[in-house]
Amino acid sequence: MTMQQLMGMMQGLQEAMAASKAEQERMQADLTASQAINDELHRANDALRRGWRDVDEPETATPPREFSTPFSQAILETAIPNTFSGPKVTFTGIKDPEAHLTAFQTQMMLVGGSDAARCKLFMSTWTGMAMDWFVSLPKGHITFFTQLSQLFREQYLANKAPPQFHTTSST
């Protein structure tokens, strides 16, 4: 294979990656728009429910939704120090999981923390689809951070960024 063919193949891959990124951005915009519509529908639905409740039945307090967590009891019992401000990264379920995990682990390396604290703090970086995935895991299933990070990687494997190709010139 000639250098020109390799360069042509690399250019084709770069164009494909650019097209893929543009498609991801379009999909993110669509998701954002859908979420806004969904929020509006929820507000309208809540308003309708309040209206029906006022007509048909006396108002009663709704108990708070029970939060089921896949963390083991040992993780749940681990306290996070009040002085810790938490990681500065977030993950919605759309971007590269490896990049998010690396950013999280870098921040945790600076502040330390137990394995259980890492589990809780990693969970605190998720929103949207990522949090929905997490709460769907079986109750008490997660016992250590390595397990949680592996499940996270597997769940979002499709979002992993393609490897970068580096060329070396021979003289």
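Start by selecting Ser 149, whose side chain reaches the backbone oxygen of Thr 146 at 3.0 Å. This is a predicted model, so treat each stop as a look at computed coordinates. Ser 149 sits in helix α6. Is it buried or exposed? With a relative accessible area of 4%, Ser 149 is buried, because anything under 20% falls in that class. Now show its surroundings: once neighbours within four places in sequence are set aside, Ser 149 is in contact with Leu 101 and Phe 122.

**Next, helix α4**

Phe 122 leads you to α4, where it is one of the buried residues. Select residues 115-123 to see the whole helix. Of its 9 residues, 7 are buried, so α4 is largely enclosed by the rest of the structure. To colour them, pick Ala 116, Ala 117, Cys 119, Lys 120, Leu 121, Phe 122 and Met 123; note that a lysine is on that buried list. What covers them? Turn on α2 (73-76), α3 (97-111), α5 (128-136) and α6 (145-155), which are among the elements that do so.

**Step off the helix**

Move along to Ser 124, in the loop between α4 and α5. Its relative accessibility is 46%, so Ser 124 counts as partly exposed. The side chain of Ser 124 reaches back to the backbone oxygen of Leu 121 at 2.6 Å. For a longer-range partner, display Pro 87: it is 37 residues from Ser 124 in sequence, yet the two C-alpha atoms are 8.0 Å apart.

**The aromatic rings**

Now show the aromatic side chains, which make 14 aromatic pairs. Zoom in on Trp 133 and Phe 152, a tilted pair with 6.5 Å between centres and 55° between planes. Trp 133 belongs to helix α5 and Phe 152 to helix α6, so this pair ties together parts 19 residues apart in sequence. Both Trp 133 and Phe 152 are buried. Then widen the selection: Phe 71, Phe 91, Phe 104, Phe 122, Trp 126, Trp 133, Phe 134, Phe 145, Phe 152 and Tyr 156 form one aromatic cluster. You have met Phe 122 already, as a contact of Ser 149.

**Last stop: the largest pocket**

Finally, select Ser 20, Lys 21, Gln 24, Ala 161 and Pro 162, the lining residues that lie nearest the centre of the largest pocket. In total, 15 residues line this pocket, and the space inside is about 440 Å³. How many of the lining residues fall in each class? Colour them by type and you will find 5 nonpolar, 5 polar and 5 charged.

Definitions and conventions
Residues are numbered from 1 along each chain as its sequence is written. This is a predicted model: local features need pLDDT of at least 70, side-chain atom pairs count only at pLDDT 80 or more; totals for chains, interfaces and linings use all residues. Side-chain values use heavy atoms; hydrogens and water are left out. On a 1 Å grid over the protein atoms alone, a cavity is a set of points where a 1.4 Å probe fits but cannot get out, and a pocket is an open set with protein on both sides within 12 Å along at least five of seven lines; lining residues have an atom within 4 Å of a point. Grid points are joined across faces, edges and corners, and a volume is the space filled by probe spheres set on the points. Ala, Val, Leu, Ile, Met, Phe, Trp, Tyr, Cys and Pro count as nonpolar, Asp, Glu, Lys and Arg as charged, and the others, Gly among them, as polar. Buried means under 20% relative accessible area, exposed over 50%, partly exposed in between (1.4 Å probe, protein chains only). Helices (H or I, at least four residues) and strands (E, at least two) are DSSP runs, numbered from the N terminus. Contact means heavy atoms within 4.5 Å. Rings of Phe, Tyr and Trp (its six-membered ring) pair if their centres lie within 6.5 Å; planes under 30 degrees apart count as stacked, over 60 as edge-to-face and the rest as tilted. A polar contact is a pair of N or O atoms within 3.5 Å; within protein, one must be able to donate a hydrogen and the other to accept it, and residues adjacent in sequence count only if both atoms are side-chain atoms.
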